Amino acid sequence: MDEYLRDLLARMDDSSDQIQILEPGYDSSKTISWQAFREAENLSNVKYIPQIIEYIAGEKNKDNRSHAYYILGQLTKNTNDKTGVAFLINQVDKEKDEHTVCTLLDIIAELEKSVGTNIEPILCAAQSDKSLLRHSAILALNGIYSKESEKLLIETLKTSRDSLDLVYANVTLSSMGTRECIPYLQELLSHKKRDVASSAFSAIIEVGGKDYIDLYREYLAKGKLKSDAISGVVAYGDESDIP
């Protein structure tokens with residue numbers, strides 16, 4: 001592997017200059033590790049991608065792999081490389097440590113995923129009985145439509161009692177849902193938790209667009225979910241809404 005990548009990985013893991021957070025004048029943004037992570041965010045050399053993939057495949061230490069996943073995620077995001085996306089997704093069901101898998105899924109959530117990408121490992125993680133893992137997986141389904149993922153998210157809306165499941169499913173549906181999910185989103189507009197109701201309303205605006213202008217007007221007139229209703233009316237209303 002390129003010596004620069006080895007050095008970057010070493011600096012990401014360097015805690016030699018990290019002191020007690022309560023010590024006066026302590027600034028974590030000046031540490032070696034923090035600056036290395038920020039450096040990784042600007043990587044765009046595609047020749048590093050196969051090298052970092054090979055490193056991950058042979059690395060036994062999960063912390064080192066997590067750092068390498070972060071580098072690969074940034075490289076993939078900055079170059080829109082499909083190889084990196086596929087590799088990261090395939091690693092989801094290969095990693096056994098929950099924290100490492102969540103890190104992977106959080107990285108995947110930020111990446112562009114093209115039609116035809118195999119998302120089966122993410123779908124499996126989204127059905128986990130471990131809430132942190134499930135939440136990260138639900139968010140990782142964003143940005144790419146598949147019938148299977150929409151079906152899973154709709155089932156989440158229908159059955160889950162976990163408010164974060166509902167919020168994250170709403171957020172993800174807003175980026176990849178079809179009109180099929182709207183009736184289930186509408187059911188959540190009366191949810192007792194505002195975050196759930198608000199995220200459902202936002203998803204309806206994104207998925208339903210101007211066809212649901214009467215719903216936005218109705219909620220604005222009622223004064224319910226008012227800020228969300230205003231967003232819909234401003235985006236899709238007309239001069240009659242000005243008063």
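Two rings of Phe, Tyr or Trp form an aromatic pair if their centres lie within 6.5 Å. Keep that rule at hand for the first exercises on this predicted model.

**Exercise 1. How many aromatic pairs does a search of the whole structure find, and how is the pair of F37 and Y70 arranged?**

Solution.
- Step 1. The search gives five aromatic pairs.
- Step 2. Take F37 and Y70. Their ring centres are 5.0 Å apart, and 5.0 Å falls within the 6.5 Å limit.
- Step 3. Check the angle. The planes stand at 65°. Angles over 60 degrees count as edge-to-face, so this pair is edge-to-face.
- Step 4. Place the residues. F37 belongs to helix α2 (residues 32-40) and Y70 to helix α4 (residues 62-79). They are 33 residues apart, so the pair links distant parts of the chain.
- Step 5. Check exposure. F37 and Y70 are both buried.

**Exercise 2. Which word describes the pair of Y216 and Y236: stacked, edge-to-face or tilted?**

Solution.
- Step 1. The ring centres lie 6.4 Å apart.
- Step 2. The planes meet at 35°, so the pair is tilted.
- Step 3. Y216 sits in helix α13 (residues 213-222), Y236 in helix α14 (residues 226-236). The two are 20 residues apart.
- Step 4. Compare exposure. Y216 is buried, at 0% relative accessible area, whereas Y236 is partly exposed, at 35%.
- Step 5. Widen the view. Ring pairs join Y216 and Y236 with F201 and Y219 in a cluster. K222 lies over the face of Y219, 5.1 Å from the ring centre.

**Exercise 3. Where do the salt bridges of R11 and R134 lead?**

Solution.
- Step 1. Start with the general idea. Side chains of opposite charge can pair when their charged atoms come close.
- Step 2. Count. The structure has 15 salt bridges.
- Step 3. Follow R11. Its side chain meets that of E39, at 2.8 Å from N to O. R11 is in helix α1 (residues 3-12) and E39 in helix α2, 28 residues apart. R11 is partly exposed at 21% relative accessible area, and E39 is partly exposed at 27%.
- Step 4. Follow R134. Its partner is D165, at 2.9 Å from N to O. Helix α8 holds R134 and helix α10 holds D165, 31 residues apart. Both residues are buried.

**Exercise 4. What does R217 tie together through its salt bridge with D238?**

Solution.
- Step 1. The N to O distance between R217 and D238 is 3.4 Å.
- Step 2. R217 lies in helix α13 and D238 in the segment after α14, so the bridge ties parts that are 21 residues apart in sequence.
- Step 3. R217 is partly exposed at 24%. D238 is partly exposed at 46%.
- Step 4. R217 and D238 share a salt-bridge network with D214 and D241.

**Exercise 5. What span should helix α9 have, and what do its buried residues pack against?**

Solution.
- Step 1. Helix α9 (residues 147-159) has 13 residues. At 1.5 Å a residue, the expected span is 18 Å.
- Step 2. The end C-alpha atoms are 18 Å apart, which agrees.
- Step 3. Its buried residues include L152, L153, I154 and L157.
- Step 4. The buried residues of α9 pack against α7, α8, α10 and α11.

**Exercise 6. Which residues have the most contacts inside the largest nonpolar core?**

Solution.
- Step 1. This core has 72 residues. Helix α12 (residues 194-208) gives the largest share, eight residues.
- Step 2. I71, L105 and I122 have the most contacts inside the core.
- Step 3. Beyond its sequence neighbours up to four places away, I71 touches residues including L5, L8, M12 and I52.

Methods. Residues are numbered from 1 along each chain as its sequence is written. This is a predicted model: local features need pLDDT of at least 70, side-chain atom pairs count only at pLDDT 80 or more; totals for chains, interfaces and linings use all residues. Side-chain values use heavy atoms; hydrogens and water are left out. Helices (H or I, at least four residues) and strands (E, at least two) are DSSP runs, numbered from the N terminus. The expected span of a helix is 1.5 Å times one less than its number of residues. Buried means under 20% relative accessible area, exposed over 50%, partly exposed in between (1.4 Å probe, protein chains only). Contact means heavy atoms within 4.5 Å. A nonpolar core is a set of buried Ala, Val, Leu, Ile, Met, Phe, Trp, Tyr and Cys residues joined through side-chain atoms within 4.5 Å. Rings of Phe, Tyr and Trp (its six-membered ring) pair if their centres lie within 6.5 Å; planes under 30 degrees apart count as stacked, over 60 as edge-to-face and the rest as tilted. A charge sits over a ring if NZ of Lys or CZ of Arg is within 6 Å of the ring centre and within 35 degrees of the ring normal. A salt bridge is a side-chain nitrogen of Lys or Arg within 4 Å of a carboxyl oxygen of Asp or Glu.
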